[in-house]
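Please open the structure in your viewer and keep the sequence panel beside it, since each stop on this tour asks you to select a few residues and look at what surrounds them.

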Amino acid sequence: MVITDLEITQASIEVVGGIVSAMLAVIMLINYHGTTSLKLIIRMLFMSCALFFLDAFAYVFRGNTDPFSLFMTRFSNFGVFFMNMLMAYVFVKYIYSILREKDAAPGDIYQKIASGCFWAAVGILVLNLFNGWMYTFDEANYYHRSWGWYFYTGISLVCLASSCIMVWRFRGALDRFTWSSLLLFELFPIVAILVQAAFYGISIINVGIGLCIVLVLVAYLVNWSRGAATGEYDDAQTRRSYDTMVLFIIMLICVSSAIVSCILSIKRADREISVSNSQIVAHIVSDRLDNVFLRPITVTEIMARDDSLQEYMEQSNAQDHESGEAGMAAYLESIRSGFDYQMVYAVCAESRFFYTYNGFVKTVNPSVDPTDAWYADYLASGQSYEVQVDTDAANDWDWSFFVNHGVLDKDGRLLGVCGVGLELAKVQQLLADFEDQYTLRITLADADGDAIVTARDVRVGQDLLDAELAKHTDTENFSIQEQEDSIRMTKLMEDMNWYLVIEDMVPQRVSMARTAVPSVIVSLVGLFILVAVFCIITLRERRISMELLEKQRTSLTDELTGLGNRRALRQDCQRLEETGKLGELIVVGMDLNELKRYNDSLGHQVGDELICGTAQCMLQSMQGSGTLYRAGGDEFVAILHCTKEKMEEILREFDRLAANWQGDHIRSISVARGVVRCEEFPQMGIEEILNMADRRMYENKREYYLKLEKAARQ
């Protein structure tokens, strides 16, 4: 394949630009949602990504005459021109949506101009496929523009100029940073087109458009974040500089993307080696602990099956403990001395007599003596044996691991419980030795959440087990969680029924200095910074967004109907007043007829039903054309952004829905309304218009009641 250094450079720059655009688009898509303007920015970022890659393909494959290169150059050039025009069209829609969100009404003429230019340009591109009057390719597969290119460019300039005019006319509705970035997006391609009309060979138009899209995103985030963080950030200029700097850092870091594959390979090898070594250490620790507890568990199983112990328990349960006490003590002493346990004991089920190697100690009564709670806990567990942590009253109240095992007779009836005590200090010393030897942090946690044991301390209580740890139920393999500087491994030890949590604090790593050149190290650091920056931006903006949405939900929404409340109406009116341009706004005031009669005769529940029904009819007929409010009681306000004809259509649809509405007690809705078109009273402010709509609504209500009285007299 023939490709020059200049083509490689331009293609590389555009591939990086495409990666940046795609990355920003995905992050925005995941973490932001809601407004039409933001959705359009995300679309433009994806379009910018496609534009960059298509233009890169055009450079890579031109000058090559194999069938695939011939196809790719033609496909890429068609795609580049199409994306250029599509982005201009979508950008006009973006400006329109921004102005609508700021309560400005630019009219549909600009969108119609952009739509006409777009479809005219698409028609030219399609015709060029058959006659080549816009651009052609020579025998060496190099691009050459024809006279039709100037016609296509003229259409592009018309579209760009119309959007420039719209931004300039309605700049009062936007902050300076936002409208200047919008103008730059339009002016840069205009200047670049004029330059490339005489000189071409470097894609300054496509690269500039991509960069301007990123600038538009920066402007949007700065404006949005500043508004969302009112009162939290004292210096708006600092906030603006911070976001701008972060996004340009992202652009610079992405230059190192050519060696990211090498970094990923090293990190993958590093991960596999470190996890494998950590697992080996974890299995060593697990096997050693299994051996420590396997012996006392086995001993208690042998005791539970011993006929002698069963005979002693039967005698005790028959209240004949004196004859069997000596035998019971001797038996328990033989276990203690034979296996060197700190404590060996037995409790008879019916008599509740508690024996140790010293003989009878007491009668177990969990309801009276809190130290006997272990016995009730064991019975409630329903297990054949259980490992517990408790203090040993016979040995200076030292902490011990106790293995409790049920003793059953031949019929399966519970005769009692036997058990042995293992000094907890010995287990803790074993954990400490492992921690020092392998640089670990080891934790044993009771599966019931009653105890936590480490090499340094022990905690006993209730609900000590966190929900994340309880998810691990594998008794064969460790569940791996890789953390920033450690590897956390979790396993449920089957014999103990305790969780073993091992954190490898210094997992073995691949030596980056020996396996990668310095540039790879720099890129690895850059990648870390990139991820950290993206996390900071997305997490912060997401948090602010959630806080803002929660505040809006609680303070600006009517609880009964879901419409905006009086406070929302007041804030929106203030914003409209500040813009000073009401445009084609139409204010509709509404009030339910006969609501008091229904409340008095049928109850307030029926009144609420009527209020909700009215809100439902308003949403179905008016949503999408304006903003709806419940001003209080049975009063509603709609601020519509539409023409007179559209307003009449909306009101007819509302009347139809209200007439056909059916509730549980009422079969239709009657509403008095007052309508005011703002263009009829250009000298009035929004508050005066609201008052006029209110007066017209009450006039309509009086006419309604006069008709009712007249009908009643007849």
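Begin by selecting Arg597 and Tyr598, where you will find that Arg597 lies over the face of Tyr598, at 4.7 Å from the ring centre. As you look, please keep in mind that this is a predicted model. For a second arrangement of this kind, select Arg336 and Tyr357, and you will see the charged end of Arg336 over the ring of Tyr357, 4.6 Å from the centre of that ring.

**The whole chain**

Now zoom out and colour by secondary structure, which shows 21 helices and 18 strands in the chain. Of the 714 residues, 48% are buried, and the accessible surface comes to about 35500 Å², with 56% of this area belonging to carbon and sulfur atoms. If you draw the contacts between residues at least 6 apart in sequence, 65% of them join residues at least 24 apart.

**The cores**

In soluble globular proteins, nonpolar side chains tend to be buried together. To look at this in the model, select Met303, Leu309, Leu332, Phe401, Leu444, Trp498 and Ile502, which are the residues with the most contacts inside the largest nonpolar core, a set of 65 residues. Helix α9 (residues 260–305) gives the largest share of this core, 10 residues. A second, separate core has 63 residues, among them Tyr89, Met134, Leu160 and Ile209.

Which residues does Leu332 touch, leaving aside its neighbours within four places in sequence? Show its surroundings, and you will find Met303, Val344, Tyr345, Ala346, Tyr355, Thr356 and Tyr357 in contact with Leu332.

**Helix α4**

Next, select residues 109–131, which form α4. The 23 residues of this helix should span 33 Å at 1.5 Å a residue, and the C-alpha atoms at its two ends are indeed 33 Å apart, so the expected and the modelled values agree. Along α4, the buried residues are Tyr110, Ala114, Cys117, Phe118, Ala121, Val122, Ile124, Leu125 and Asn128, and the buried residues of this helix pack against α3 (67–101), β1 and α5. Just after α4 comes Gly132, whose phi is positive, near 65°.

**Aromatic pairs**

Now show the aromatic side chains, which form 22 pairs in the structure. Select Trp133 and Trp147, whose ring centres are 4.8 Å apart and whose planes meet at 50°, so this pair counts as tilted. Trp133 lies in the loop between α4 and β1 (135–137), while Trp147 lies in the loop between β2 (143–145) and α5 (148–169), so the pair ties together parts that are 14 residues apart in sequence. Are these two rings' residues buried or exposed? Trp133 is buried, because its relative accessible area of 17% is under the 20% limit, whereas Trp147, at 61%, counts as exposed.

Then select Phe434 and Tyr438, an aromatic pair that is stacked, with 6.2 Å from centre to centre and 20° between the planes. Both residues belong to helix α13 (residues 424–438) and are four residues apart, about one turn of the helix. An α-helix has 3.6 residues a turn, so residues three or four places apart point the same way. Phe434 is buried at 7% relative accessibility, whereas Tyr438, at 26%, is partly exposed.

To finish with the rings, select Tyr345, Phe354, Trp374, Tyr375 and Phe402, which are linked into a cluster by ring pairs.

**A buried charged residue and two positive phi angles**

Move on to Glu503 in strand β14 (residues 498–504), which is buried with a relative accessible area of 12%. Not counting residues up to four places away in sequence, Glu503 touches Thr439, Leu440, Arg441, Gln483, Ser486, Ile487 and Arg488.

Most residues other than glycine have a negative phi, and most peptide bonds are trans. With that in mind, select Arg352, whose phi is positive, near 60°. Arg352 is found in the loop between β3 (343–348) and β4 (353–356), and it is partly exposed, with a relative accessible area of 29%. Last, select Asp396, which has a positive phi of about 60° although it is not a glycine. Asp396 lies in the loop between β6 (385–392) and β7 (398–408) and counts as exposed at 69% relative accessibility.

Key: Residues are numbered from 1 along each chain as its sequence is written. This is a predicted model: local features need pLDDT of at least 70, side-chain atom pairs count only at pLDDT 80 or more; totals for chains, interfaces and linings use all residues. Side-chain values use heavy atoms; hydrogens and water are left out. Rings of Phe, Tyr and Trp (its six-membered ring) pair if their centres lie within 6.5 Å; planes under 30 degrees apart count as stacked, over 60 as edge-to-face and the rest as tilted. Buried means under 20% relative accessible area, exposed over 50%, partly exposed in between (1.4 Å probe, protein chains only). A charge sits over a ring if NZ of Lys or CZ of Arg is within 6 Å of the ring centre and within 35 degrees of the ring normal. Contact means heavy atoms within 4.5 Å. Accessible areas come from the Shrake-Rupley method with a 1.4 Å probe; for residues, only the protein chains shown count as cover. A nonpolar core is a set of buried Ala, Val, Leu, Ile, Met, Phe, Trp, Tyr and Cys residues joined through side-chain atoms within 4.5 Å. The expected span of a helix is 1.5 Å times one less than its number of residues.
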